[in-house]
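Visitor: I'm new to reading protein models, and I'd love a close look at one part of this one. Could you take me into its core and explain each term as we go?

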Amino acid sequence: MRLRWLAPLLLLGCLDAFSPAGAEHLTPPTVYRVWWTEIERCAGLWGDFDRVEWYEVPGSSYTCPAHEGLCDGWWRSPHTIYMAQSRLYNRQLAEHEMLHDLLQRGDHPPVFQACGVQLN
Ligand SMILES: [Zn+2]
């Protein structure tokens, strides 16, 4: 059986090395749907809200591969968003991450500024 070595390899592939420590699956607050519609309308883009997988991470920031290693919100391609727990209801932050998902890109084209969700 030449394929036997494949099993441990596949198992390794399932470990999520990029997930911030302590991240837990989050059922998005209902207000997120409203915010999603708002940012869709502003950006002139349409996407399925339910395609996004939400996670909350304990605290007000966490280690991530972006923003010099510290994030309070982080979108990961294709449809994963991590929100710091204490900032779950920060509308600007949530819409910022939603806009990444709608655009399907991790950088910040002028539409972020135009829609008032450019973070500094
Ligand atoms: Zn961003």
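Visitor: What percentage of the contacts in the chain with a separation of 6 or more comes from residues 24 or more positions apart? And which residues touch the most other members of the largest nonpolar core?

Guide: Happy to help! Such residues account for 63% of those contacts, where a contact means that two C-beta atoms, placed from the backbone, lie within 7 Å. This is a predicted model, so local features need pLDDT of at least 70, side-chain atom pairs count only at pLDDT 80 or more, and totals for chains, interfaces and linings use all residues. Residues are numbered from 1 along each chain as its sequence is written.

The chain has four helices and six strands; these are DSSP runs numbered from the N terminus (helices: H or I, at least four residues; strands: E, at least two). Of its 120 residues, 25% are buried, meaning that 20 or more other C-beta atoms lie within 10 Å of a residue's own (exposed: 12 or fewer; partly exposed: in between).

Now for the core. A nonpolar core joins buried Ala, Val, Leu, Ile, Met, Phe, Trp, Tyr and Cys residues through C-beta atoms within 7 Å. The largest one has 20 residues, and Ile39, Met83, Met98 and Leu99 touch the most other members. Helix H2 (31–43), strand S2 (53–57), S5, strand S6 (80–84) and helix H3 (91–103) each give two or more residues to this core. Take Met83: leaving out residues up to four places away in sequence, Met83 touches Leu26, Trp54, Glu56, Gly73, Leu88 and Ala94.

Finally, look at strand S5 (residues 73–76), which includes Arg76. Arg76 counts as buried because 20 other C-beta atoms lie within 10 Å.
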